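Reader: Could you take one part of this model and go through it closely with me, then show how it fits with the rest?

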Amino acid sequence: MKTVLLVDDSRAVRLAGKRIFESLGFGTLEAGDGQQALDVVASHPTIDAVLLDWNMPVMNGLDFLKTLRSQAVAQPVVVMCTTENDIAHITEALTAGANEYVMKPFTEDIIREKLQETGVL
Ligand SMILES: [Mg+2]
């Protein structure tokens with residue numbers, strides 16, 4: 001089974017993501033901020049994908065992404081997920097190593113499409 005790590009400080013958003021990814025056949029892990037997410041990645045080296053919020057306390061999504069991409073670990077596909085939809089934010093996320101970018105609120109159709117584009121599905 002493929003595994004996704006859902007990273008968002010909103011429990012409701014993590015739950016919405018969990019429902020979608022489970023219906024797509026994924027096992028799910030969760031983290032409430034970027035630091036927790038780094039800890040989860042360190043203890044679960046076979047994560048296939050990360051659905052990543054941008055704005056979070058402690059460590060935001062962009063800083064998590066930059067740290068993850070600098071580490072010598074198996075690199076999951078990262079889909080950045082945020083309300084910041086201007087081109088500057090999208091470019092910054094892609095430059096930092098995001099594979100795809102989705103707007104909130106996301107739907108199952110959009111998530112499936114992004115996963116197919118990145119080859120995870
Ligand atoms: Mg947030």
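Author: Let's take α5, where Asp109 and Gln116 are exposed, on the side away from the buried residues. (Exposed means 12 or fewer other C-beta atoms within 10 Å of a residue's own, buried means 20 or more, and partly exposed is what lies between, with C-beta atoms placed from the backbone.) Keep in mind that this is a predicted model: local features need pLDDT of at least 70 and side-chain atom pairs pLDDT 80 or more, while totals for chains, interfaces and linings use all residues. Residues are numbered from 1 along each chain as its sequence is written.

The buried residues of α5 are Ile111, Lys114 and Leu115. They cover an arc of only 100° around the axis, which puts them on the same side of α5; the arc is that of the directions from the helix axis to the C-beta atoms. In general, an α-helix has 3.6 residues a turn, so residues three or four places apart point the same way. Note that a lysine, Lys114, is in the buried set.

What sits over that side? The cover on the buried residues of α5 includes α1, β3, β4 (77-82) and β5 (100-103), with contact meaning C-beta atoms, placed from the backbone, within 7 Å. Helices here are DSSP runs of H or I with at least four residues, strands are runs of E with at least two, and both are numbered from the N terminus. Just past the end of α5, Gly119 has a positive phi of about 80°.

Now cross over to α1. Gly17, Ile20 and Phe21 are its buried residues. Seen down the axis of α1, these fall within an arc of 95°, so they line one face of the helix. They pack against α5 (108-117), and also against β1 (3-7), β2 (27-31) and β3 (49-53). Turned away from that buried side are the exposed residues Arg11, Ala12, Arg19, Glu22 and Ser23. The length of α1 checks out too: its 13 residues (11-23) should span 18 Å, and the end C-alpha atoms are 18 Å apart, which agrees. (The expected span is 1.5 Å times one less than the number of residues.) After α1 comes Gly25, with a positive phi near 95°.

The strands flanking α1 belong to the story as well. β1 and β2 pair in the parallel sense over five bridges, where pairing takes at least two DSSP bridges. Val7 stands opposite Ala31 in β2. Together, β1, α1 and β2 form a right-handed β-α-β unit: with the strands pointing away from the viewer, the path from the first strand over the helix to the second runs clockwise.

Zooming out, there are five helices and five strands, in the order β-α-β-α-β-α-β-α-β-α from the N terminus. The radius of gyration is 13 Å, close to the 14 Å that the globule rule gives for 121 residues, so the protein is as compact as a globular protein of that length. (The radius is taken over C-alpha atoms, and the rule is 2.2 Å times the number of residues to the power 0.38.) Of the 121 residues, 34% are buried. Among contacts between residues at least 6 apart in sequence, 64% join residues at least 24 apart.

Methods:
Two residues are in contact if their C-beta atoms, placed from the backbone, lie within 7 Å.
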